Amino acid sequence: MRTESSEEREREWEPRGTARRRRWTRRVPAGVVGVAAVSLIALTVSPVNAEPDTRAKPPRGRNPLPAPPQIRDLDFLLGSYTCDYTPPPGGKPAVLKLNTKRALGGHYLYTDATLEPGSVVGRSSFGWNPVDGNFITQYHDNWGSSGNYTSSGWKDGHLIFKGPLTQVITPNASGQTTGVKLDLKDDYQVLGPGHFKDTTSFTFPDGSTLQGSYDCRRQ
């Protein structure tokens, strides 16, 4: 009967890709390795000393850093939704398709969204900031719009995100175009299982505000 060597048993506990990196390192010489709603609802960060210690072997089958419990307050977003958009006066109705999944071991939620008409495709990443004690959202889309929002959490049945949005007015493949900087407010309310509403307000530099709402039902 074949007996596993100590090296084989050790590799069984290694994080995925460690053996591959070790073989690659041996081959490389030393020194080389060194809403349109105008918008949809609402990365690279390089932490200092964030290179994983491949010698550390976390317990088998256990996440070394579980997701924060606060992230469960966003579970209402999970799944596929169709949202009917009611625009501000003078605007046009639209349909927003959302698909939200857990990411990074449950530490984040990623929402992929498509708004029609307009063929706007965007992504929002929702997470919990453990240092400041608030929820965060980062948004970007294929027009080039982007935003960063924060929320202190649920209060009286409302989850409100606020923050700056740079909204592209006319998308342009040259990478140069015009836009407007807005203050965005997303006010979420859960109306029932698989049913939520997002009232979205845009405040312009002159202080004027437009407001629309998304009525979203899980499919």
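**Exercise 1. Find the residues with the most contacts inside the largest nonpolar core, and see which strand gives the largest share of it.**

Step 1. Start with the core itself: the largest one in this predicted model has 31 residues. A nonpolar core here is a set of buried Ala, Val, Leu, Ile, Met, Phe, Trp, Tyr and Cys residues joined through side-chain atoms within 4.5 Å. Buried means under 20% relative accessible area, exposed means over 50%, and partly exposed is in between (1.4 Å probe, protein chains only).

Step 2. Pick out the residues with the most contacts inside the core: Leu74, Leu77, Leu98, Tyr188 and Phe196.

Step 3. Now the strand. E9 (residues 179-192) supplies the largest share of this core, four residues. Helices (H or I, at least four residues) and strands (E, at least two) are DSSP runs, numbered from the N terminus.

Step 4. Zoom in on Leu74. Skip its neighbours within four places in sequence, and Leu74 is in contact (heavy atoms within 4.5 Å) with Leu109, Phe126, Phe135 and Leu159.

**Exercise 2. Locate the disulfide and work out whether its two cysteines are buried or exposed.**

Step 1. Search the whole structure for cysteine sulfur pairs within 2.5 Å, the cut-off for a disulfide. You get one disulfide, and it joins Cys83 to Cys216, with 2.1 Å from S to S.

Step 2. Place the two ends. Cys83 is in strand E1 (residues 79-86) and Cys216 in strand E11 (residues 209-218), so the pair links distant parts of the chain, 133 residues apart.

Step 3. Check the handedness: the angle about the S-S bond is 115°, and the link of Cys83 and Cys216 is right-handed.

Step 4. Check the accessibility. Cys83 counts as buried because its relative accessibility is 0%, and Cys216 counts as buried too, at 1%.

**Exercise 3. Trace the salt bridges around Asp75, then look at the one between Arg123 and Asp112.**

Step 1. Set the rule: a salt bridge is a side-chain nitrogen of Lys or Arg within 4 Å of a carboxyl oxygen of Asp or Glu. The whole structure has four salt bridges.

Step 2. Follow Asp75. The side chain of Asp75 meets that of Arg72 at 2.7 Å, N to O, and Asp75 also forms a salt bridge with Arg102, the closest N and O atoms being 3.2 Å apart. Asp75 sits in the loop between helix H2 (18-27) and E1, while Arg102 is in strand E2 (residues 94-103), 27 residues apart.

Step 3. Put the three together: Arg72, Asp75 and Arg102 are linked in a network of salt bridges. Arg72 is exposed at 52% relative accessible area, and Arg102 is partly exposed at 39%.

Step 4. Turn to Arg123 and Asp112, whose side chains meet in a salt bridge (2.8 Å, N to O). Arg123 is in strand E4 (residues 120-129) and Asp112 in strand E3 (residues 108-116), 11 residues apart. Both are partly exposed, Arg123 at 31% and Asp112 at 34%.

**Exercise 4. Decide how confident the predictor is, overall and over residues 1-56.**

Step 1. Take the average: the chain has a pLDDT (the predictor's confidence in each residue, from 0 to 100) of 80, and 71% of the residues score at least 70.

Step 2. Look at residues 1-56, where the pLDDT is below 50. Beyond near neighbours in sequence, this stretch has 66 contacts in the model.

**Ground rules.** Local features need pLDDT of at least 70 and side-chain atom pairs count only at pLDDT 80 or more, while totals for chains, interfaces and linings use all residues. Residues are numbered from 1 along each chain as its sequence is written, and side-chain values use heavy atoms, with hydrogens and water left out.
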